[in-house]
Amino acid sequence: MKSLSEESQQTVRMRHIFTVDVEDWYHGIADEQIRASAERRLHYGLDILLELLAEYNAKGTFFWLGPAAAEHPNLVRQVAEAGHELGCHGWFHELIYTMSPQRFRDETKRARDVIADLTGKPVTAYRAPYFSITSKSLWALEILADLGFRYDSSIFPIRNWRYGIPDFYPQPQQINTSSGSIYEMPVSVRRMFNQNIPVSGGAYFRLYPYRLTYSNFRALERQGDHVVFYIHPWELDLNHPPVPLNWKERITHYVNRLSTESKLRQLLQDFSFASLGDVLEDEVLVKDGLSMNNAQTTMS
Ligand SMILES: [Zn+2]
């Protein structure tokens, strides 16, 4: 029987989208006192991630949380210099549907400006904390378009206790707002048993045996879909301290961390990855004549 990697070498490698939500291990914890006194450990997981991506010649989009970028300017530059795309993950790691539109605008702009100032390049990709653009906070897309974001990847077409729009069309799409259009790249799901199953990252990636992730990726490839995969640096940092969390948060945070690095290595070996911007501009929007790279594509 062929190994998974031998099999993948015989097929044409489709590019999937690798995304990283760049926050430290404590940013998702509600208790402000824990956050303020927490040990800064971002570089442990981020170093492993950058080395793995370099080893497999993969590129990705790194959505930075504002304070993580502000505290680690050298890491921001290091990621940019390695050829990855930099995106924005907001300022406080809080649910957008609990914020006022004005607060969302101010904090998103603040985070975007910190990231852009560190590299001198515009930041055009956004992902919400906890994928929290839901039916209650679709207004956020208009603000993102107004702030100059070209892509969003915050909508998860599943039902989850904290996020999701279960009936959202799970394909890349242009959304027109009164401040202009923005391209939504929903987080990937697989249609099974009459519902959308999450297939692509975070706790789901840690929970599933690798073979299941592999078959989910192949199933989406057969449909011609680019998988949007996501991970956090702290998922690769085995030594981040234990924190008080409710049982749902504990599962999200700690399940199967020991096997994450080896599963990720296997995934990078079996599949090819690029940034959100590159896959959308080069392969998705170009079909509809909407790509910013259109001119180059036509000429070459
Ligand atoms: Zn996050």
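Author: Two strands pair if DSSP finds at least two bridges between them. In this predicted model, Thr19 of one strand stands opposite Tyr230 in E10.

Reader: What makes E1 and E10 a pair?

Author: Strand E10 covers residues 228-231, and four bridges join E1 to E10. The definition asks for at least two, so E1 and E10 count as paired. The two strands run parallel.

Reader: Which other strands pair with E1, and in which sense?

Author: E1 pairs with E2 in the parallel sense over four bridges. Thr19 has Thr61 as its bridge partner in E2. Thr19 is thus placed opposite Tyr230 in E10 and bridged to Thr61 in E2. E1 also pairs with strand E11, residues 272-274, in the parallel sense over three bridges. There, Arg15 stands opposite Ser272.

Reader: Why is E1 described as largely enclosed by the rest of the structure?

Author: E1 is made of eight residues, 15-22, and seven of them are buried. A residue is buried if 20 or more other C-beta atoms lie within 10 Å of its own C-beta atom. Seven of the eight residues of E1 meet that cut-off, so the strand is largely enclosed.

Reader: What makes E6 and E7 a hairpin, and how do they run?

Author: E6 (residues 173-177) and E7 (residues 180-184) run antiparallel and are joined by five bridges. Two residues lie between the strands of this hairpin. One of the bridges links Gln174 to Tyr183 in E7.

Reader: Which residues touch Tyr151, leaving aside its neighbours within four places in sequence?

Author: Tyr183 and Ile182 are among its contacts, and so are Thr124, Ala125, Met185, Leu276, Gly277 and Leu280. Tyr151 is also one of the residues with the most contacts inside the largest nonpolar core, which has 70 residues. Ile17, Trp64, Val76, Ile115 and Leu144 are the others named for that.

Reader: How do you know that the length of H6 agrees with a helix at 1.5 Å a residue?

Author: Helix H6 has 19 residues, 101-119, and its expected span is 27 Å. The end C-alpha atoms are 27 Å apart, which agrees.

Reader: Which residues of H6 are buried, and how are they placed around the axis?

Author: The buried residues of H6 are Phe104, Thr108, Ala111, Arg112, Val114, Ile115 and Leu118. They cover an arc of only 155 degrees around the axis, so they are on the same side of H6. Among the elements covering them are strands E2 (61-64) and E3 (85-88), along with helices H4 (66-71), H5 (73-81) and H7 (139-146). Just after H6 comes Gly120, which takes a positive phi of about 75 degrees.

Reader: What makes the buried residues of H9 line one face of the helix?

Author: The buried residues of H9 are Thr213, Asn216, Phe217 and Leu220. Seen down the axis of H9, they fall within an arc of 100 degrees, so they line one face. They pack against strand E8 (189-192), helix H8 (202-207) and helix H11 (260-270). The face turned away from the buried side carries the exposed residues Arg211 and Arg222.

Reader: How does the span of H9 compare with what it should be?

Author: At 1.5 Å a residue, the 13 residues of H9, 210-222, should span 18 Å. The end C-alpha atoms are 18 Å apart, so the two values agree. Gly224 follows H9 and has a positive phi, near 80 degrees.

Reader: Why is Arg35 called partly exposed?

Author: Arg35 has 17 other C-beta atoms within 10 Å. Buried needs 20 or more and exposed needs 12 or fewer; 17 lies in between, so Arg35 is partly exposed. Arg35 belongs to helix H2, residues 32-37. Leaving aside neighbours within four places in sequence, its contacts are Tyr26, His27 and Ile29. Its C-alpha is 9.5 Å from that of Asp24, which is 11 residues away in sequence.

Reader: How many residues of the chain count as buried, and what is the mean pLDDT?

Author: Of the 300 residues of the chain, 43% count as buried. The mean pLDDT is 88, and 88% of the residues reach 70 or more. Over residues 295-300 pLDDT stays under 50, and the model has two contacts beyond four places in sequence for that stretch.

Technical notes: Residues are numbered from 1 along each chain as its sequence is written. This is a predicted model: local features need pLDDT of at least 70, side-chain atom pairs count only at pLDDT 80 or more; totals for chains, interfaces and linings use all residues. A nonpolar core is a set of buried Ala, Val, Leu, Ile, Met, Phe, Trp, Tyr and Cys residues joined through C-beta atoms within 7 Å. Two residues are in contact if their C-beta atoms, placed from the backbone, lie within 7 Å. pLDDT is the predictor's confidence in each residue, from 0 to 100. The expected span of a helix is 1.5 Å times one less than its number of residues. The arc is that of the directions from the helix axis to the C-beta atoms.
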